[in-house]
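Visitor: Please take me through the ligand site in close detail. After that, I would like a look at a few buried polar side chains elsewhere.

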Amino acid sequence: MTGSAALHLDPAFVVAPVRRRIFGSFVEHMGRCVYTGIYEPGHPTADADGFRGDVLDLVRELGVSVIRYPGGNFVSGYRWEDGIGPAAERPVRRDLAWHTLETNAVGIDEFARWAKRADVEVMYSFNLGTRGIEEALDAHEYINHEKGTALSDLRRTNGSDTPYGVRLFCLGNEMDGPWQTGHKTAHEYGRLAAEVARALRSAEPDLELVACGSSGSEMPTFGAWEAEVLELTYDQVDYISAHAYYEPLDGDLGSFLASGVDMDHFIDSVVATADSVGARLKSPKKINISFDEWNVWYQSRFTNEGPGDDWIAAKPLIEDVYNVADAVVVGGLLISLLRHSDRVGVACLAQLVNVIAPVMTEADGPSWRQTIFHPFAITSRLAQGVVLRVEPHCDTYVTSRYGEVPQLDAAATYDEKTGDVTVFALNRNTEQTLTLATALTGFGDLQVAESWVLGGGDPYLTNTKDEPDRVAPVALESARVVDGALQADLPPISWCAIRLTTTG
Ligand code: AHR
């Protein structure tokens with residue numbers, strides 16, 4: 001059985017430029033993301049600074065643009081100055097967020113050096129849980145002030161004459177969450193964030209600052225939190241954050257495959273809330289979204305051990321092994337983010353290595369790509385130029401979590417410089433192939449330059465250390481241009497990307 005779906009693409013129907021920062025990721029001092037993830041002195045591929053070369057290669061291949069650091073829940077108890085200076089003198093601390101030990105072997109100097117090697121922008125989070133204005137100013141002085149002050153000169157003594165030039169800063173993390181060290185009411189947080197932002201802007205006016213939104217759209221205060229925080233910070237910040245994690249509940253694949261519907265609704269709700277605050281304040285300014293944590297995360301399997309039972313460093317935490325269906329969902333969430341390029345300026349796949357991650361490592365062993373690596377890498381590489389409006393026509397199906405949803409989800413980009421048009425599409429149907437017909441007008445003669453599909457077989461297949469390439473995208477042989485229209489057969493539970501290019 002097959003179903004059908006139709007799209008119409010035209011270069012005149014532009015949503016917004018592709019924002020490269022939506023291909024961001026997240027490195028938290030959590031589990032094995034840093035230690036035995038990006039950093040493992042003594043590993044056969046490690047460089048002089050202890051960074052794993054195999055991981056750096058995979059991060060470059062993933063096509064990550066910006067990385068949020070150093071947390072996450074971790075940051076709300078973090079003392080940034082523990083992580084600078086001679087390694088042997090750095091204190092070991094308890095990390096209350098994850099009940100582990102933090103050795104501080106890696107701090108901002110090491111991470112900035114690593115980021116340069118990985119060719120990614122740093123997005124730095126301040127601790128607004130246990131700390132406040134003074135520490136944020138100190139960390140900013142250390143990171144961005146050129147020279148001639150106590151902390152900029154300390155950075156120079158520690159080996160970095162050139163400031164790190166960080167533009168994007170998060171004002172805390174998930175401050176509405178009762179699990180957060182130093183969590184706050186919206187009023188308490190909004191006032192603190194506004195004053196931290198004001199102080200930072202006195203030092204460097206053109207920073208881009210992210211206020212914490214709700215830690216999830218299911219929080220009882222969702223919406224009200226965003227409104228109150230933005231009332232207090234509107235003139236001082238540029239972004240409000242959003243976080244979302246998805247997983248199949250009770251084996252309900254149909255709802256899980258429609259996770260993008262939830263992300264669409266989440267983004268639209270935050271945009272509406274931010275714009276209503278802007279309207280009340282009679283401000284011409286728009287606050288955009290930093291979707292700085294998103295992914296599939298099997299939270300129902302997660303139990304964090306209680307305090308004090310095993311204070312060890314680099315304890316493996318939430319090392320979810322992803323399957324084909326998870327990768328299809330990740331591809332779908334990227335489609336949602338692309339579709340909202342007019343209002344989502346930053347997005348971070350959480351996290352980068354080992355901790356709910358596209359890249360896995362074994363200590364003193366190999367690294368490999370999880371299934372979710374592939375849609376991210378392909379979308380980051382192929383989404384260029386502008387995002388085009390896509391209005392799919394297709395059948396729907398009924399889900400228990402989101403009601404009636406379309407079987408197809410799709411986004412498209414157009415690069416005027418190269419003439420390339422790329423279609424990203426998801427078939428959510430668990431049984432039927434979808435025959436996609438895409439009318440193409442105003443682009444000239446196009447032909448298929450490359451096509452990729454992931455899925456269509458066993459949705460539960462995974463990659464492992466011993467079988468690292470069991471799940472990998474293959475060419476979508478059915479993709480072809482016939483009479484000016486792109487045709488392709490999308491197998492059940494699949495994600496695909498098709499790049500078209502001009503013939504002459
Ligand atoms: O990414 C894992 C955790 O999820 C982060 O530390 C926190 O911000 C979120 O709740």
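Guide: What follows starts at the ligand and then moves to three buried residues. Keep in mind that this is a predicted model.

Start with the shell. The ligand is surrounded by F26, E28, G72, N73, W98, N173, E174, Y245, E293, W297 and Q351. By class, that shell splits into four nonpolar, four polar and three charged residues. The space that the ligand takes is the largest pocket.

Now the polar contacts. Three side chains of the shell deserve a look here, each paired with an oxygen atom of the ligand. For E293, a polar side-chain atom lies 2.6 Å from a ligand oxygen. For Y245, an N or O atom of the side chain is 2.9 Å from an oxygen atom of the ligand. For Q351, the distance from a polar side-chain atom to a ligand oxygen is 3.0 Å. How much of the ligand does the protein bury? Taken alone, the ligand exposes 290 Å², and the protein buries 95% of that.

Next, R52. R52 sits in the loop between β3 (24-26) and α1 (53-62). Is R52 buried or exposed? Its relative accessible area is 0%, so R52 is buried, the cut-off being under 20%. The R52 side chain has a polar partner: one of its polar atoms lies 3.0 Å from the backbone oxygen of E362. G37 is 15 residues from R52 in sequence. In space, the C-alpha atoms of R52 and G37 are 7.6 Å apart.

Then E204. This residue belongs to the loop between α5 (186-203) and β9 (208-211). E204 has a relative accessible area of 16%, which is under 20%, so E204 also counts as buried. What does the side chain of E204 contact? The partner is the side chain of N144, in a polar contact at 3.0 Å.

Last, S451. Here the setting is a strand: S451 is in β22, residues 446-455. Its relative accessibility is 9%, so S451 is buried by the same cut-off of under 20%. The S451 side chain reaches the backbone oxygen of L476 at 3.1 Å.

Put the three side by side. R52 pairs with the backbone oxygen of E362, and S451 with the backbone oxygen of L476. E204 instead pairs with a side chain, that of N144. Back at the ligand, the polar partners named above were E293, Y245 and Q351.

Definitions and conventions. Residues are numbered from 1 along each chain as its sequence is written. This is a predicted model: local features need pLDDT of at least 70, side-chain atom pairs count only at pLDDT 80 or more; totals for chains, interfaces and linings use all residues. Side-chain values use heavy atoms; hydrogens and water are left out. A residue is near a molecule or strand if one of its heavy atoms lies within 4 Å of it. A polar contact is a pair of N or O atoms within 3.5 Å; within protein, one must be able to donate a hydrogen and the other to accept it, and residues adjacent in sequence count only if both atoms are side-chain atoms. Accessible areas come from the Shrake-Rupley method with a 1.4 Å probe; for residues, only the protein chains shown count as cover. On a 1 Å grid over the protein atoms alone, a cavity is a set of points where a 1.4 Å probe fits but cannot get out, and a pocket is an open set with protein on both sides within 12 Å along at least five of seven lines; lining residues have an atom within 4 Å of a point. A molecule sits in a cavity or pocket if more than half of its atoms lie within 2 Å of its grid points. Ala, Val, Leu, Ile, Met, Phe, Trp, Tyr, Cys and Pro count as nonpolar, Asp, Glu, Lys and Arg as charged, and the others, Gly among them, as polar. Helices (H or I, at least four residues) and strands (E, at least two) are DSSP runs, numbered from the N terminus. Buried means under 20% relative accessible area, exposed over 50%, partly exposed in between (1.4 Å probe, protein chains only).
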